[in-house]
Amino acid sequence: MPTLTATLKQTFGYDQFRPLQREIIEASLAGKDVFALLPTGGGKSLCFQLPALLHGGLTLVVSPLIALMKDQVDTLQAAGVKATFLNSTLSAEQTRSRLASLHRGEYKLLYVAPERLMMDHWENNLRSWNISLIAIDEAHCISEWGHDFRPEYRQLARLRDFAPRVPLMALTATATERVREDIVRLLELRDPEKFVASFNRPNLTYRVKAKEKPLQQILDFLKQRPDESGIIYCASRSATESLADSLMARGHAAKPYHAGLDNETRNRNQEEFLRDETKIICATIAFGMGINKPNVRFVIHHDLPKNVEGYYQETGRAGRDGLPSECVLLYSPGDVAKQLHFIDEKTDLQEREIAHRQLTRMVHYAECSVCRRIDLLEYFSEKWTEENCAACDNCLEPRETYDGTVQAQKFLSCVFRACRASGYSVGMNHTADILTGSQNEKIKERKHDQLSTYGIGRDLHRSEWLAIGRELIRLKLLNQSQDKFATLTVSASGIEALKNRSPIRLTRPIVLSAGAAKRHAVKTGEIECDEELFGRLRALRKKIADEQQVPAYIIFGDVTLRQMARFYPLNANEFGRLSGVGERKLGEFCDPFTAEIKKYLENHPKVNFK
């Protein structure tokens, strides 16, 4: 049997594994059940694709994502691997033909949707095919506590009856402790080997910007990235269409994507994006799942996401190839108010309470002054040990702090006095209303207009007091209850600060901060290269991809092209050393790409890189 590293290079063109890939593959080849949690871009697919080449039979891949099935099969076929898929996009004749080939043992991998597996006649198929491994992708879909629960996944435990001796591999990119336990229990994994990788994406830079004139802010951002692909997430279908229209009117290749478009338009827009004909997709959260496009260089959130988990997944669409990529969130307190309005319309009390809690956590991320990487990883129970990640706005451009002792004293005192006067605690909005001297009915009804703190904060806008209140919670001077009312009480340290008039420094809110001077930092994953040659190689890749009717990244990813434009390979030996060049691609693409490099060097000197 060829070694793992030899197969990795020969078929996939890589010299080394990503974290935990080798360990997962070795456990699978040993016949063990496996649970693997790898973040987006962490290389989940290789964990079952490589064993499939070394096993004697068929590897069955269960996936709910039709777009991803075709994408992965195209990629595998380009690398010379016998793979296919069965889903609703095929005609009856195509399905019959592929089933016949499966019965003849002609494929190494089969991608299939969970509902098709559970059809009555499929039990015979599964028993007759020589299945060596069952890989269940997006395994979090089995848990009601997951962010994308799908009832059909619950039936997958029946696979144990159809193929009792076949090992299972469950894979996901995001799952809390509770969801992980559900996956193992509901899929009936037998004493599984468990692997959980870091959630950190070192090549991504996270920024939160005050949302002022969002269209102009996006145009200014795009001006610096004329040839790059990106996704702009919007909260509504109408916003995706109006933003795409505005960008197209200004010369940008942009298209909308949302669940309200007809299937033909939606699929065409997605296909154009995958093939780099459309550079920018303006999308709702309906877009992204199953998109394996590695060269998404930026993700912009035009509106505030509902929760951190969704935000992490959506930003994870950027930089899957490991090259530096940007994640920008345009933040406005007005978006918080809109989200709260939608949440309060929910009829299910528990659902409303959970949504409130998730939104509060998302606002905390948007407004925090600490390293965003620390805050994001903390959400997934992972500790980041570095003080400065050098790849987020709070580390690169620290926000201004100020002596907020007086404002903090006013807020804490207001909460304390309102609680004492009423006999019960009050919420954030009510406290801000007292401070700004509001005359609403609740203030009068509770006689809070008679408090000594009533109206003492008229010098600041209500939204500014809300921001101060949220920071006092982060500083642990205030406690906020976890029930649906989210009421406030002054903590023990807050009482101490009140008594001693302790100095308190606050951070300027994101909506008020001025842009600080940017500090230069070498970005993780950066590959310095001859940019002019890179552009020519990218044009050649696009030409070949169009001829073969596949997305450009199926030919080569940007990492491989950047290495070509750095090392100038001129023969098969040099070309074969590049990352992403396996035996099949070496034979097929060495000549056209080395010819383009030779032609370029006739009129351009080589650039020496350190």
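Q: How many salt bridges does the count come to in this predicted model?
A: The structure is a predicted model, and side-chain atom pairs enter the count only at pLDDT 80 or more. A pair qualifies when a side-chain nitrogen of Lys or Arg lies within 4 Å of a carboxyl oxygen of Asp or Glu. By this rule, the count comes to 34 salt bridges.

Q: Is Arg-104, which forms a salt bridge with Glu-106, buried or exposed?
A: The closest N and O atoms of Arg-104 and Glu-106 are 2.6 Å apart, and the partner Glu-106 counts as partly exposed at 38% relative accessibility. For Arg-104 the relative accessibility is 55%, and a residue is called exposed when this value is over 50%. Arg-104 therefore counts as exposed.

Q: In which helix do Asp-335 and Lys-338 both lie?
A: The side chains of these two residues, Asp-335 and Lys-338, meet in a salt bridge with an N to O distance of 3.9 Å. They are three residues apart, which is about one turn of the helix. The helix that holds both of them spans residues 333-344 and is α14.

Q: Is Asp-335 buried or exposed?
A: Asp-335 belongs to a network of salt bridges that also links Lys-211, Asp-303 and Lys-338. The relative accessibility of Asp-335 is 5%, and the limit for a buried residue is under 20%. Asp-335 therefore counts as buried.

Q: How many residues apart are Arg-508 and Glu-400, a pair that links distant parts of the chain?
A: The side chains of Arg-508 and Glu-400 meet in a salt bridge at 3.8 Å, N to O. Arg-508 sits in the loop between β18 (505-507) and α23 (531-548), while Glu-400 sits in the loop between α17 (393-396) and β14 (401-403), and the two residues are separated along the chain by 108 residues.

Q: Which of these two partners counts as exposed, Arg-508 or Glu-400?
A: Arg-508 has a relative accessible area of 29% and is partly exposed. Glu-400 reaches 51% relative accessibility, and because exposed means over 50%, the exposed partner is Glu-400.

Q: How many of the ten residues of helix α25 are buried?
A: Helix α25 covers residues 558-567 and is mostly covered. What covers its buried residues includes β12 (296-301), α23, α26 (572-575) and α27 (583-601). Among the buried residues are Asp-558, Leu-561 and Arg-566, and the number buried is nine.

Q: Which residue with a positive phi follows α25?
A: The helix α25 itself runs over residues 558-567. The residue that follows α25 has a phi near 50°, and this residue is Tyr-568.

Conventions:
Residues are numbered from 1 along each chain as its sequence is written. This is a predicted model: local features need pLDDT of at least 70, side-chain atom pairs count only at pLDDT 80 or more; totals for chains, interfaces and linings use all residues. Side-chain values use heavy atoms; hydrogens and water are left out. Buried means under 20% relative accessible area, exposed over 50%, partly exposed in between (1.4 Å probe, protein chains only). Helices (H or I, at least four residues) and strands (E, at least two) are DSSP runs, numbered from the N terminus. Contact means heavy atoms within 4.5 Å.
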